[in-house]
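Student: I would like to learn how to read pockets, cavities and ligand contacts in a model. Could we go through them together?

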Amino acid sequence: MELRVEPDATAVAAAVAERLLQACRRGRRPLGLATGRTMEPVYAALAERWEALPALERAVLSQCWSSFNLDEYVGLATSDPRSFLSFMHQHLTAPLALDPARVKLPEGAAADPAAEAARYAADLAAAGGIGLQLLGLGLNGHVGFNEPPCATDARCRCLPLSPATRQQNAAAFGGDPALVPELAITLGLAEILAAEEILLVVTGPAKADILRRVLEEPPTAALPASWLQQHRAVTVIADREAAPWVQG
Ligand code: GLP
């Protein structure tokens with residue numbers, strides 16, 4: 001994996017936004033998108049660049065936009081502000097004026113979440129699989145919602161969230177982990193590792209220990225992100241706080 005260290009989260013966001021824009025311009029396979037606090041400045045930087053594009057290019061890129069998000073909570077109403085659908089609407093779909101039908105997520109309000117996971121996986125496969133996959137990193141080493149332990153053949157599915165993840169994501173639920181949904185639908189490591197290229201984005205001092213383990217430990221189910229070492233085209237873009245051991 002190539003590790004690129006930027007001075008701060010703003011520089012990380014700028015670098016990632018550039019890569020996303022390049023991938024849009026190539027327009028071959030769908031983008032794989034992520035939510036979370038790490039991604040907020042990334043989408044803000046993308047929106048800034050998008051706004052500065054000539055109107056014609058913006059129109060062309062909008063018309064061929066295709067993205068699949070990694071994951072969604074199960075059981076929240078579609079309009080719930082804490083859903084990842086709402087997050088994407090606020091940070092990407094609305095600022096870029098994209099057709100919401102082109103910004104896909106698993107439907108967390110579906111009556112049968114297991115069937116919804118299968119439908120979403122089939123939809124992604126029909127679209128050709130992911131081109132550029134954007135990933136954040138969970139404090140327990142998860143990517144998407146692939147909680148440890150997780151093997152490389154795990155596919156898109158509905159699964160229970162770990163207490164650690166519900167704690168990590170409690171801020172959006174008034175700070176109470178008990179209010180964080182118990183289940184989620186996530187793309188599996190199988191779909192993630194099938195992407196043409198992967199960008200793992202990591203910022204802030206709280207992620208330094210887990211990032212170092214992901215980069216240095218032999219790949220293991222106990223640390224789902226460590227499987228990324230086996231992919232041929234992964235770039236880790238981190239800020240100095242998340243990779244303090246790197247000199248310069
Ligand atoms: C969440 C999401 C991940 C996200 C990660 C990091 O639980 N399911 O896709 O990348 O955890 O989140 P944050 O960027 O808020 O630290």
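Student: What volume does the largest pocket have?

Tutor: Let's begin with the general idea. On a 1 Å grid over the protein atoms alone, a pocket is an open set of points with protein on both sides within 12 Å along at least five of seven lines, while a cavity is a set of points where a 1.4 Å probe fits but cannot get out; lining residues have an atom within 4 Å of a point. Grid points are joined across faces, edges and corners, and a volume is the space filled by probe spheres set on the points. Here, the largest pocket has a volume of about 650 Å³. This is a predicted model, where local features need pLDDT of at least 70 and side-chain atom pairs count only at pLDDT 80 or more, but totals for chains, interfaces and linings use all residues. Residues are numbered from 1 along each chain as its sequence is written, and side-chain values use heavy atoms, with hydrogens and water left out.

Student: Which residues lie nearest the centre of the largest pocket, and which elements line it?

Tutor: Its lining has 33 residues, and Thr 35, Gly 36, Arg 37, Phe 84 and Asn 169 lie nearest the centre. Elements are DSSP runs numbered from the N terminus: helices (H or I) have at least four residues and strands (E) at least two. Two or more lining residues come from each of β4 (71–73) and α4 (84–93), and α4 gives the most, with four. For classes, Ala, Val, Leu, Ile, Met, Phe, Trp, Tyr, Cys and Pro count as nonpolar, Asp, Glu, Lys and Arg as charged, and the others, Gly among them, as polar. This lining divides into 14 nonpolar, 14 polar and five charged residues.

Student: Where is the ligand?

Tutor: A molecule sits in a pocket or cavity if more than half of its atoms lie within 2 Å of its grid points. The ligand takes up the space of the largest pocket. A residue is near it if one of its heavy atoms lies within 4 Å. Of the 13 residues around the ligand, Arg 37, Thr 38, Asp 71, Asn 169 and Lys 207 come nearest. The shell has two nonpolar, eight polar and three charged residues.

Student: Which side chains make polar contacts with the ligand?

Tutor: A polar contact is a pair of N or O atoms within 3.5 Å; within protein, one must be able to donate a hydrogen and the other to accept it, and residues adjacent in sequence count only if both atoms are side-chain atoms. A side-chain N or O atom of Thr 38 is 2.5 Å from a ligand oxygen, and one of Gln 168 is 3.4 Å from a ligand oxygen. For Asp 71, a polar side-chain atom lies 2.8 Å from a ligand nitrogen. The protein covers 96% of the 390 Å² of accessible area that the ligand has on its own (Shrake-Rupley method, 1.4 Å probe; for residues, only the protein chains shown count as cover).

Student: How many cavities of 30 Å³ or more are there?

Tutor: The count is one, and the largest cavity holds about 70 Å³ of space. Its lining includes Arg 26, Arg 28, Arg 29, Glu 196 and Glu 197, and divides into two nonpolar, one polar and five charged residues.

Student: Which peptide bond is cis?

Tutor: The one joining Pro 148 and Pro 149, with omega about -5°. Pro 149 is in the loop between β6 (132–135) and β7 (157–160).
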